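Open the model in your viewer and keep the selection box at hand. The tour goes stop by stop, with something to pick at each one.

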Amino acid sequence: MSALFQPLSLRGVTFRNRIAISPMSQYRARDGYANAWHQVHLGRFALGGAGLVFAEATAVEADGRRTHGDLGLWEDGQIAPLAPIAKFLADEGAVPGIQLGHAGRKASERRPWHGETPVDAEDEAERD
Ligand SMILES: Cc1cc2nc3c(=O)[nH]c(=O)nc-3n(C[C@H](O)[C@H](O)[C@H](O)COP(=O)(O)O)c2cc1C
């Protein structure tokens, strides 16, 4: 069988195979909080058999979000909606991962379908 489908152990963590899902920003969070979108987006990769499923770039402070739709972990309340997602991934045999990030000078852009330009009044009106 291909090595791709062989388990792999790294520093005490065993992956059921070597398939890893890259973090993919969804621009669907509100105030950095995960929701059903993230549950479904990430959960389907666990159901599909991936060994490691990364949650998208998750901002360590509000100003470090690339867009207002990014996930965040800058306040304790943001843990609660992520926890059941991580549990679901683990229950389905995948290792849950997360990419912590800060967008630096690229932070606070509008979402891609709005042109990745600086946040403007329309965005503030729509998303507070
Ligand atoms: C919809 C989408 C969202 C992405 N979001 C992130 C992200 O949150 N963090 C990141 O590092 N890369 C992000 N990427 C880049 C992917 O991680 C990158 O395409 C992948 O690592 C490329 O892997 P490959 O060279 O094996 O194809 C995103 C890519 C796509 C298509």
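Where does Arg 11 lie? Select it: Arg 11 sits in the loop between β1 (8–10) and β2 (13–15). This is a predicted model, so read every distance and angle below as computed from it.

**Stop 1: Arg 11**

Check the backbone at Arg 11. Its phi is positive, about 45°, although Arg 11 is not a glycine. Now show the surface. Arg 11 counts as exposed because its relative accessible area, 88%, is over the 50% cut-off.

**Stop 2: the whole chain**

Zoom out and colour by secondary structure. The protein chain has 3 helices and 6 strands. Read from the N terminus, the order is β-β-β-α-β-β-α-β-α. Along the principal axes, the C-alpha atoms fill a box of roughly 55 × 25 × 25 Å.

Switch on the surface for the chain. About 7400 Å² is exposed, and carbon and sulfur atoms supply 55% of that. Of the 128 residues in the chain, 34% are buried. Then consider contacts between residues at least 6 apart in sequence: 64% of them join residues at least 24 apart.

**Stop 3: the nonpolar core**

Select Ile 21, Ala 34, Leu 42, Val 53, Leu 71 and Leu 89. These have the most contacts inside the largest nonpolar core, which has 14 residues. Three elements give two or more residues to this core: α1 (36–47), β4 (52–59) and α2 (79–91).

Stay on Leu 89 and list its neighbours. Beyond four places in sequence, Leu 89 touches Leu 42, Gly 43, Ala 46, Val 53, Ala 94 and Pro 96. Two of these names, Leu 42 and Val 53, are also in the selection you just made.

**Stop 4: the ligand**

Which residues are around the ligand? Select Ser 22, Pro 23, Met 24, Ser 25, Ala 57 and Gln 99. This shell divides into 3 nonpolar and 3 polar residues, with no charged ones.

Now draw three distances:

- Ser 22: a polar side-chain atom lies 3.3 Å from an oxygen atom of the ligand.
- Pro 23: a backbone N or O atom lies 3.2 Å from a nitrogen atom of the ligand.
- Ala 57: a backbone N or O atom lies 3.1 Å from an oxygen atom of the ligand.

On its own, the ligand has 630 Å² of accessible area, and the protein covers 34% of it.

**Stop 5: from Ser 25 to Gly 77**

Keep Ser 25 selected and add Gly 77. The two are 52 residues apart along the chain, and their C-alpha atoms are separated by 20 Å. Gly 77 lies in the loop between β5 (71–72) and α2. Its relative accessibility is 36%, so Gly 77 counts as partly exposed.

**Stop 6: Thr 67**

Is Thr 67 buried or exposed? Select it and hide the surface. Thr 67 is buried, because its relative accessibility is 0%. Its place is the loop between β4 and β5.

Follow the side chain of Thr 67. It reaches the backbone nitrogen of Gly 69 at 3.0 Å. It also makes a polar contact of 2.9 Å with the side chain of Asp 70. Leave aside the neighbours within four places in sequence, and Thr 67 is in contact with Tyr 27, Glu 109, Arg 110 and Arg 111.

**Stop 7: Arg 110**

Step across from Thr 67 to Arg 110, one of its contacts. Arg 110 is in the loop between β6 and α3. What is its burial class? Arg 110 counts as buried because its relative accessibility, 6%, is under the 20% cut-off.

Show the side chain. A polar contact of 3.5 Å joins the side chains of Arg 110 and Asp 120. Beyond four places in sequence, Arg 110 touches Thr 67, Glu 116, Thr 117, Pro 118, Val 119, Asp 120, Glu 122 and Asp 123.

**Stop 8: Ser 108**

Finish in the loop between β6 (95–101) and α3 (121–127), where Ser 108 is found. Check phi again. Ser 108 has a positive value near 60°, and it is a residue other than glycine. With a relative accessible area of 33%, Ser 108 is partly exposed.

Terms used
Residues are numbered from 1 along each chain as its sequence is written. This is a predicted model: local features need pLDDT of at least 70, side-chain atom pairs count only at pLDDT 80 or more; totals for chains, interfaces and linings use all residues. Side-chain values use heavy atoms; hydrogens and water are left out. A residue is near a molecule or strand if one of its heavy atoms lies within 4 Å of it. A polar contact is a pair of N or O atoms within 3.5 Å; within protein, one must be able to donate a hydrogen and the other to accept it, and residues adjacent in sequence count only if both atoms are side-chain atoms. Accessible areas come from the Shrake-Rupley method with a 1.4 Å probe; for residues, only the protein chains shown count as cover. Ala, Val, Leu, Ile, Met, Phe, Trp, Tyr, Cys and Pro count as nonpolar, Asp, Glu, Lys and Arg as charged, and the others, Gly among them, as polar. Helices (H or I, at least four residues) and strands (E, at least two) are DSSP runs, numbered from the N terminus. Buried means under 20% relative accessible area, exposed over 50%, partly exposed in between (1.4 Å probe, protein chains only). Contact means heavy atoms within 4.5 Å. A nonpolar core is a set of buried Ala, Val, Leu, Ile, Met, Phe, Trp, Tyr and Cys residues joined through side-chain atoms within 4.5 Å.
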